[in-house]
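Here is a briefing on a single chain, for reading alongside its coordinates. Please keep the viewer open while going through the points.

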Amino acid sequence: MKTAVITGASGGIGASLARAFAAAGYAVALCCNHNREAADQVCKELNETDVFAPAAVFVADVTDSASVAELFAAIEEKLGPVDVLVNNAGVGSQQLLTDVTDEEYDRIMDTNLRGTFLCCRAVLPGMIHRKEGVILNISSMWGQTGGSCEVVYSASKAGVIGLTKALAKEVGPSGIRVNAIAPGVIDTPMNSIHSEETLEALTEETPMGRIGKPHDVASAAVFLASKQASFITGQVLGVNGGIVI
């Protein structure tokens, strides 16, 4: 049985990713930092449903290298070698650049970009040794287009795209695929900062005429991890209903 690691697994997209990979037959490591209760609830759900594979919760700070090293050692001990890593942990904020403090800048960049880097670095030795593996990095449409009042978030997610493309070139010869998913407007708590009027405007701007759901992102991730996507690497898959064309 293959093992998938989902960081940020207590959030809306993270929980959906965990369910989708479990349904596809993966043992699932649900990784969280602050919201252990939510991750435990999803894990309980997965382990109580016969069609799902084993799941376990792990707590770690993806911005801390020692914590990340301990995380992957614990995952391998409990669930075995990591076949798929989904770097989903992320934070955001909405404010003018001139209002962003040094601390807020560090919080966003450390979680979104440094966390992705640290998790990739931790999982790669085993994947390179086995000559196989899949890394999926969750970026954002703002990493592609930039978002007003979300400058630091956009920069961090653009960095994730750059990391994805460069790493795909670096580890492709070792049989490892690295891709990014750039969600559009998805119905998650992170987007609760937007007013109803803003969400309605974004819906109108989306050719598919709706806000995305977490399972839209999760389905794309399972596809990119599958054999059907075995010749796809270094790509950015926009799951955005056409809002970015």
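The points below go from the whole chain to single residues. The model is predicted. The chain has eight helices and seven strands. Its radius of gyration is 17 Å, close to the 18 Å that the globule rule gives for 245 residues, so the chain is as compact as a globular protein of that length.

**Overall fold**

- The C-alpha trace spans about 45 × 35 × 35 Å along its principal axes.
- Of the 245 residues, 49% count as buried.
- Take the contacts between residues at least 6 apart in sequence: 72% of them join residues at least 24 apart.

**Surface and charge**

- The chain exposes about 11500 Å². Carbon and sulfur atoms supply 54% of that area.
- There are 17 positive and 27 negative charges in the chain. The mean positions of the two sets are 11 Å apart.

**Aromatic pair**

- The count of aromatic pairs comes to one.
- The partners are phenylalanine 21 and tyrosine 26, with ring centres 5.1 Å apart. Their planes stand at 80 degrees, and edge-to-face means over 60, so the pair is edge-to-face.
- Both phenylalanine 21 and tyrosine 26 are buried.

**Helix 1**

- Helix 1 covers residues 12-23 and holds arginine 19.
- Arginine 19 has a relative accessible area of 32%. Partly exposed runs between 20% and 50%, so arginine 19 falls in that class.
- Asparagine 240 is 221 residues from arginine 19 in sequence. In space the two are 21 Å apart, C-alpha to C-alpha.

**Helix 6**

- Lysine 165 sits in helix 6, which covers residues 151-171. Alanine 168 is found in helix 6 too.
- Lysine 165 is partly exposed, at 43% relative accessibility.
- Alanine 168 has a relative accessible area of 7%. Buried means under 20%, so alanine 168 is buried.
- Which residues does lysine 165 contact, leaving aside its neighbours within four places in sequence? They are Gly234 and Val236.
- Alanine 168 touches Val178, Thr233 and Gly234, again not counting residues up to four places away in sequence. Gly234 is thus on the contact lists of both lysine 165 and alanine 168.
- Lysine 165 and threonine 233 are 68 residues apart in sequence. Their C-alpha atoms are 8.1 Å apart.
- Alanine 168 and threonine 111 are 57 residues apart in sequence. Their C-alpha atoms are 21 Å apart.

**Positive phi outside glycine**

- Lysine 131 is not a glycine, yet its phi is positive, at about 65 degrees.
- Where is lysine 131 placed? It is in the loop between helix 4 (102-130) and strand 5 (133-138).
- Lysine 131 has 52% relative accessibility. The cut-off for exposed is over 50%, so lysine 131 counts as exposed.
- Cysteine 149 also has a positive phi, near 65 degrees, in a residue other than glycine.
- Cysteine 149 is found in the loop between helix 5 (141-145) and helix 6.
- At 27% relative accessibility, cysteine 149 counts as partly exposed.

Notes:
Residues numbered from 1 in each chain as written. Predicted model: local features only at pLDDT ≥ 70, side-chain atom pairs only at ≥ 80, totals over all residues. Heavy atoms only, no water. Helix = DSSP H or I, 4+ residues; strand = E, 2+ residues; numbered from the N terminus. Rg over C-alpha atoms; globule rule 2.2 N^0.38 Å. Buried < 20%, exposed > 50% of the residue type's maximum accessible area, 1.4 Å probe, protein only. Contact = heavy atoms within 4.5 Å. Areas by Shrake-Rupley, 256 points an atom, 1.4 Å probe, with all protein chains shown as cover. Lys, Arg positive; Asp, Glu negative; His and termini not counted. Charge placed at Lys NZ, Arg CZ, Asp CG, Glu CD. Phe/Tyr/Trp six-rings, centres within 6.5 Å; stacked < 30°, edge-to-face > 60°.
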